[in-house]
Amino acid sequence: MITEGKKHEIRVARQMQFARGTILAFDRGYTDYEWFMSLTEQGVYFVTRLKENADYGVVEKREIPQRRNVLRDEVVFFYKLARASEEAFFRRIEFYDKEHDRVLVFLTNHLELAAATVAAIYKERWQIELFFRALKQSLRVKTFVGTSANALKRSSGRR
């Protein structure tokens, strides 16, 4: 979706429709608990990273699989939604990334997938980032001349 560039991406994302069963993978910039609720009600799944300052409570601690780099798998709720009388449960998964020697914390509304699968879905999100980087490089696009859809087309050489 091409916008004027003045809208925050989350506002655009809220307007999009997804087929039931779709799994979205997005970064923390899309954190919006009400939107997460809406996706859940629509039967749309998501995987994202949890913000460090997230205000949540733990409902259940799940069994940790051996040798999968999963440190924690918990079912959680967000106090903000609970105060609004919204009942929604999510999974908070801590995963050790050996390659970069760091712990990543994921959030998903998919309660059935294996925790390692949730981490793998998020990792695949980077393939999209790499695709856009390659696209910019191959089209030799350094900057866009304007913020309209027409300017974007002209910047990429299409007229």
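**Figure 1. Strands 4, 5 and 6 in the predicted model.** In this view, strand 4 and strand 5 are paired in the antiparallel sense, and six bridges connect them; the structure shown is a predicted model. Two of the residue pairs across this boundary can be picked out by name: Val70 has Phe95 of strand 5 as its bridge partner, and Asp73 has Ile93 of strand 5 as its bridge partner. On strand 5 the pairing continues with strand 6, again in the antiparallel sense, over seven bridges, and here Tyr96 stands opposite Val103 of strand 6. Seven of the eight residues in strand 5 are buried, so this strand is largely enclosed by the rest of the structure. In a regular strand, side chains alternate between the two faces of the sheet.

**Figure 2. Strand 3 against strand 4.** Strand 3, which covers residues 56-61, runs antiparallel to strand 4 and is joined to it by five bridges. Within this pairing, Glu60 stands opposite Val75 of strand 4. The loop between strand 3 and strand 4 contains Asn69, a residue that has a positive phi of about 65° although it is not a glycine. With a relative accessible area of 27%, Asn69 is partly exposed.

**Figure 3. The hairpin of strand 5 and strand 6.** Four residues lie between the two strands of this hairpin, in which Asp101 takes a positive phi near 50°. Asp101 belongs to the loop between strand 5 and strand 6, and its phi is positive even though the residue is other than glycine. Its relative accessibility is 56%, and because exposed means over 50%, Asp101 counts as exposed.

**Figure 4. The largest nonpolar core.** This core has 20 residues, and those with the most contacts inside it are Trp35, Phe36, Phe46, Phe78, Phe90 and Leu107. The elements that contribute two or more residues to the core are helix 2 (33-42), strand 4 (70-78) and strand 6 (102-108), and the largest share, five residues, is that of helix 2. In soluble globular proteins, nonpolar side chains tend to be buried together.

**Figure 5. The surroundings of Phe78, and a separate core.** When neighbours within four places in sequence are left aside, Phe78 is in contact with Tyr33, Leu50, Ala54, Asp55, Tyr56, Phe90 and Leu107. Apart from the largest nonpolar core lies another core, made up of 10 residues, among them Val70, Phe106, Ala115 and Tyr122. Of these, Val70 has already appeared as the bridge partner of Phe95 in strand 5.

**Figure 6. The second largest pocket and its lining.** The volume of the second largest pocket is about 430 Å³, and of the 21 residues that line this pocket, Asp97, Arg102, Leu104, Lys123 and Trp126 are the closest to its centre. At least two lining residues are supplied by each of strand 5 (90-97), strand 6 and helix 4 (115-138), with helix 4 providing the largest share, nine residues. By residue type, the lining of the second largest pocket divides into nine nonpolar, three polar and nine charged residues. Rolling a probe the size of a water molecule over the atoms shows where empty space is left.

**Figure 7. Arg125 in helix 4.** Arg125 is found in helix 4, the element that also gives the largest share of the lining of the second largest pocket. At a relative accessibility of 7%, Arg125 counts as buried, because the cut-off for that class is under 20%. Not counting residues up to four places away in sequence, Arg125 touches Ala25, Phe26 and Asp27.

**Figure 8. The whole chain, as context for the close-ups.** The secondary structure of the protein chain comprises five helices and six strands, and these elements follow one another from the N terminus in the order α-β-α-β-β-β-α-β-β-α-α. Of the 159 residues in the protein chain, 32% are buried. Among the contacts in the protein chain between residues at least 6 apart in sequence, 38% join residues at least 24 apart.

Methods
Residues are numbered from 1 along each chain as its sequence is written. This is a predicted model: local features need pLDDT of at least 70, side-chain atom pairs count only at pLDDT 80 or more; totals for chains, interfaces and linings use all residues. Side-chain values use heavy atoms; hydrogens and water are left out. A nonpolar core is a set of buried Ala, Val, Leu, Ile, Met, Phe, Trp, Tyr and Cys residues joined through side-chain atoms within 4.5 Å. Buried means under 20% relative accessible area, exposed over 50%, partly exposed in between (1.4 Å probe, protein chains only). Contact means heavy atoms within 4.5 Å. On a 1 Å grid over the protein atoms alone, a cavity is a set of points where a 1.4 Å probe fits but cannot get out, and a pocket is an open set with protein on both sides within 12 Å along at least five of seven lines; lining residues have an atom within 4 Å of a point. Grid points are joined across faces, edges and corners, and a volume is the space filled by probe spheres set on the points. Ala, Val, Leu, Ile, Met, Phe, Trp, Tyr, Cys and Pro count as nonpolar, Asp, Glu, Lys and Arg as charged, and the others, Gly among them, as polar. Two strands pair if DSSP finds at least two bridges between them.
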